[in-house]
There are 2 protein chains.
Amino acid sequence: MQHYPSKLLEAAVNEFSRLPGVGRKTALRLVLHLLRMPSQEVERFGNSFIKLRNEIQYCKICFNISESETCSICRDPQRDPGLVMVVEDIRDVMAVENTSQYKGLYHILGGILNPMDGIGPAQLNIQGLVQRLETGLVREVIMALSTTMEGDTTVFYLFKKLKPFEVNITTIARGVAIGGELEYADEVTLGRSILNRTPYENALAK
Amino acid sequence: MQHYPSKLLEAAVNEFSRLPGVGRKTALRLVLHLLRMPSQEVERFGNSFIKLRNEIQYCKICFNISESETCSICRDPQRDPGLVMVVEDIRDVMAVENTSQYKGLYHILGGILNPMDGIGPAQLNIQGLVQRLETGLVREVIMALSTTMEGDTTVFYLFKKLKPFEVNITTIARGVAIGGELEYADEVTLGRSILNRTPYENALAK
């Protein structure tokens, strides 16, 4: 156990090292960096997280982080309310938005099923998704979760849950990455890309 | 430029990514983690840095981080006040303390000379070191700075500055690491370890 010259320093290092992927050495380095910053900048730093945590709002439709009751995507009249893409968290929304290929809405689950971490259906925004389908406005639900065991389990759970509704359930295409070489693709991905081969004209449309 | 769904979120990501070694993707991941934490834990997190920055004290003798006017090392009557080890920052103090091999005092420079980053002699705690030597109590100053160009320059600068005093100036030994194999040592280190070879009895004393 490392000996710290000050309890305040140790407390700050402890707080930093509770974050995922931040070890104690990194935490100490970051804290020493903060000590070299002007006092008002450190106040702005610390308060930015407190302010975010206390004032954050979530869109009541899609559970995206929002500045008002509904987020800018759900409010956008240009977007197709019949298309809902189910994603794990807002980083996925940002990644999909960056492609400029998607003009539907989203539904943010807030995680995926993971019994080991105590995340069951009750911890995810699944009820909200069911309610959206009950309106009858949604014609297609696109599953865009990780292709891990947890992701696949979650998709399977949702599939059963959404089956009673008259809605198309699709998943985003899995296959060899564009610009990727065949020999470097793993065999599961390559196998799937052969099973799910696409008509040439569709592939061109990209 | 990434589009964030909320200005508060963007502000928090900006604050995190100002820290050294934290990119925007990592910052977003950390901020999303904070959002999942209870509100009072996030307050404790943010306030720990503000409190540290505002209430931190530095030892007026050695400039170590301290909880009072002088640090616990400088106050310790068991330690030899005639020995002063010059280090860059408190991480070095912690590393040396972990060896349990050193019973003298420290002097924390607060950095090393680096004109590119605007760090000149005035930015370092050099005047405090000179004042310590003026008391006549110090018989040996041990330089324990990085063996980089900046570190060597700083040692050279200090050497000239401290020359007028009747004090022994030494540097910690540079050589092949213990447990290290010769063939993996870089040639500069290996060359230096041959030039500065030690009598066998001293090497045993370790």
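Which elements of chain A do the buried residues of α6(A) pack against? The close-ups below start with this helix and then move through a predicted model of two chains.

**View 1. Helix α6 of chain A and its surroundings.** The buried residues of α6(A) pack against β3 (80–87), β4 (104–108) and α7 (149–162) of chain A. Helix α6 spans residues 126–134, and its buried residues are A:I126, A:L129 and A:R132. Looking down the axis of α6(A), you will find these buried residues within an arc of 115°, so they line one face of the helix. Turn to the other side of α6(A) and you meet A:Q127, A:Q131 and A:E134, which are exposed. Just after the helix comes A:G136, with a positive phi of about 75°.

**View 2. The open sheet of chain A.** Four strands lie in the order β4-β3-β5-β6, paired in parallel. At the edges stand β4 and β6 (168–171) of chain A; each has a single partner strand, so one side of each is left without a neighbour in the sheet. From one strand to the next, the twist averages 25°. Inside the sheet, β3(A) and β5 (residues 140–143) of chain A run parallel and are joined by four bridges. To find your way along this pair, look for A:L83, which stands opposite A:E140 in β5(A).

**View 3. The matching sheet of chain B.** In chain B, too, an open sheet of four strands has the order β4-β3-β5-β6, with parallel pairing. Its edges are β4 and β6 (168–171) of chain B, and each has a single partner strand, so one side of each has no neighbour in the sheet. Neighbouring strands are turned against each other by 25° on average, direction ignored. Strands β3 (residues 80–87) and β5 (residues 140–143) of chain B pair in the parallel sense over four bridges. A handy landmark here is B:V84, whose bridge partner in β5(B) is B:V141.

**View 4. Helix α1 of chain A, between its own chain and chain B.** Helix α1 covers residues 7–17 of chain A, and its buried residues are A:L8, A:L9, A:A12, A:V13, A:E15 and A:F16. They cover an arc of only 160° around the axis, which puts them on the same side of α1(A). What do these buried residues pack against? Their partners are α2 (24–35) of chain A together with α3 and β2 of chain B.

**View 5. Where chains A and B meet.** The contact takes 46 residues from chain B and 46 residues from chain A. On the side of chain B that touches chain A, α1 (7–17), α2 (24–35), α3 (39–55), β2 (65–66) and α5 (90–99) of chain B each supply at least two residues. The most comes from α3(B), with 15 residues. Of the interface residues of chain B, 100% are also interface residues in chain A, so the copies meet through the same surface.

**View 6. The axis that relates the two chains.** A rotation of 180°, with 0.0 Å of shift along its axis, superposes chain B on chain A with an RMSD of 0.1 Å. That is the relation of a two-fold axis. Which residue of chain B comes closest to the rotation axis? Look for B:G46, whose C-alpha is 2.0 Å from the axis.

**View 7. The loop around B:G110.** B:G110 sits in the loop between β4 (104–108) and α6 (126–134) of chain B. With 18 C-beta neighbours inside 10 Å, B:G110 counts as partly exposed. Leaving aside residues up to four places away in sequence, B:G110 touches B:F63, B:D89, B:L124 and B:N125. B:G110 and B:I90 are 20 residues apart in sequence, with 8.3 Å between their C-alpha atoms.

**View 8. Two positive phi values outside glycine.** Most residues other than glycine have a negative phi. B:F63 has a positive phi, near 70°, and lies in the loop between β1 (57–58) and β2 of chain B. Is B:F63 buried or exposed? B:F63 is buried, with 20 other C-beta atoms within 10 Å. In chain A, A:S100 has a positive phi of about 55° and lies in the loop between α5 (90–99) and β4 of chain A. A:S100 is exposed, with 7 other C-beta atoms within 10 Å.

Key:
Residues are numbered from 1 along each chain as its sequence is written. Chains are lettered from A and ligands numbered from 1 in the order in which they are written. This is a predicted model: local features need pLDDT of at least 70, side-chain atom pairs count only at pLDDT 80 or more; totals for chains, interfaces and linings use all residues. Copies are superposed by least squares on the C-alpha atoms of residues with pLDDT of at least 70 in both. Two residues are in contact if their C-beta atoms, placed from the backbone, lie within 7 Å. A residue is buried if 20 or more other C-beta atoms lie within 10 Å of its own, exposed if 12 or fewer, and partly exposed in between; C-beta atoms are placed from the backbone. The arc is that of the directions from the helix axis to the C-beta atoms. Two strands pair if DSSP finds at least two bridges between them. Axes are lines fitted to C-alpha atoms, for helices over the stretch in contact, and angles run from 0 to 180 degrees between N-to-C directions.
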